[in-house]
Amino acid sequence: MQPKRVAAAREAIKIMLTRYPRGYDSLRLPYAAARFWLRRPHDPDYGVFALFPERKGVFLDVGANAGMSALSFRIYNRTSAIVSIEPNPFHENDLRFAGRLVKPFTYRICAAGRDDGVLTLYVPVYRKVPLTTEASLLREEVTGSGSLRARLGSRMDTDDFEIVTCTVPVIRLDSLNLDPAFIKLDVQGFEYEALLGLEATLRRTHPVLLVETPDDKVRCFLRDMDYEAFTYLPQTRQIVPEIDRETNTVFLLRHVQDHITQAESHSDPSAR
């Protein structure tokens, strides 16, 4: 079955399980652990991190949600320390659990932005189950989410659906003084603000970035820093110039891409 069909089936099952909130909640952590032990990433695009075995440094996971990104990263990279940033306090127990599987690991319950402060987090809830992967610091990102509408359809217009809010702290990630080799950024429309608070870190460490659905402001910002956009192909384990804007986008400095291309040209095909 193709990855997109598998993902769609998985989402349909999740929606079905919202009829049983306690059961849904009790299954989340065992399911995540089983996928990790079976070496099944939640997203095959995380295989891109295996292409950089020589890079040493932290994996900065911005928009950690329940820790799926940390678990998937560790499948492909066994040594880098992981620092997860997640604004939703609902996921603190999930991140503690993930930390027991992917040491060394630390997390912060806060949002990433251009300035320190506080903001409102908007969390869609269906049948009393928070759909936290769709939570955003921008209300319009929730109400206008195509993926959320695809999951729920007209059910978003019923009394079973609501948007709840909570106040969350916001920090400039530059203030953490990290030296990340890798950054994942998935913050539901707030990516540009997060990058503004990371500018000094990016200029200092030139990390590999994996950004979900970057908008034009994000692309312009990274282009001005000499980053170029690429697509990772899980089937062939290769990076190619960006194919479309519907997938996760990998951003690399030109010299990093040249290094990967040279490494692939000298690699043993039987190792793939």
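1. Start with the interior. The largest nonpolar core of this predicted model has 34 residues. Leu 60, Leu 202, Leu 209 and Leu 222 have the most contacts inside this core. Leu 202 is worth a look. Leaving aside residues up to four places away in sequence, Leu 202 touches Ile 183, Leu 195, Pro 207 and Leu 209. Leu 202 also touches Phe 221, Leu 222, Met 225 and Tyr 227. A second core, separate from this one, has 27 residues. Tyr 46, Leu 95, Phe 105 and Ile 239 are among them.

2. Next, confidence. The average pLDDT of the chain is 88. A score of at least 70 is reached by 84% of the residues. Residues 265-272 need caution in reading: pLDDT stays under 50 there. For that stretch the model has six contacts beyond four places in sequence.

3. The eight-stranded sheet. This sheet is open, and its strand order is S3-S2-S1-S8-S9-S12-S10-S11. The pairing is mixed. Strand S3 (105-109) and strand S11 (238-241) stand at the edges. Each has a single partner strand, so one side of each is left without a neighbour in the sheet. On average, neighbouring strands of this sheet are turned by 25° against each other, direction ignored.

4. The S11 edge in detail. Strand S10 (residues 227-233) and S11 run antiparallel. Four bridges join them. Phe 230 stands opposite Pro 241 in S11.

5. Helices on this sheet. Helix H3 (residues 68-76) lies across strand S1 (58-62), strand S2 (82-86), S3 and strand S8 (180-185). Against S1, helix H3 runs at about 150°. Helix H4 (residues 92-101) lies across S2 and S3. Its direction is about 170° to S3. Both helices therefore lie across the edge strand S3.

6. The four-stranded sheet. This sheet is also open, with strand order S4-S7-S5-S6 and mixed pairing. Here strand S4 (111-112) and strand S6 (129-130) stand at the edges. Each pairs with a single strand, so one side of each has no neighbour in the sheet.

7. The middle of the four-stranded sheet. Strand S5 (residues 117-126) and strand S7 (residues 161-171) run antiparallel. They are joined by 10 bridges. Leu 119 stands opposite Val 168 in S7.

Key
Residues numbered from 1 in each chain as written. Predicted model: local features only at pLDDT ≥ 70, side-chain atom pairs only at ≥ 80, totals over all residues. Heavy atoms only, no water. Core = buried A, V, L, I, M, F, W, Y, C linked by side-chain atoms within 4.5 Å. Buried < 20%, exposed > 50% of the residue type's maximum accessible area, 1.4 Å probe, protein only. Contact = heavy atoms within 4.5 Å. pLDDT = per-residue confidence, 0-100. Pairing = 2+ DSSP bridges. Helix = DSSP H or I, 4+ residues; strand = E, 2+ residues; numbered from the N terminus. Axes fitted to C-alpha atoms, helices over the stretch in contact; angles between N-to-C directions.
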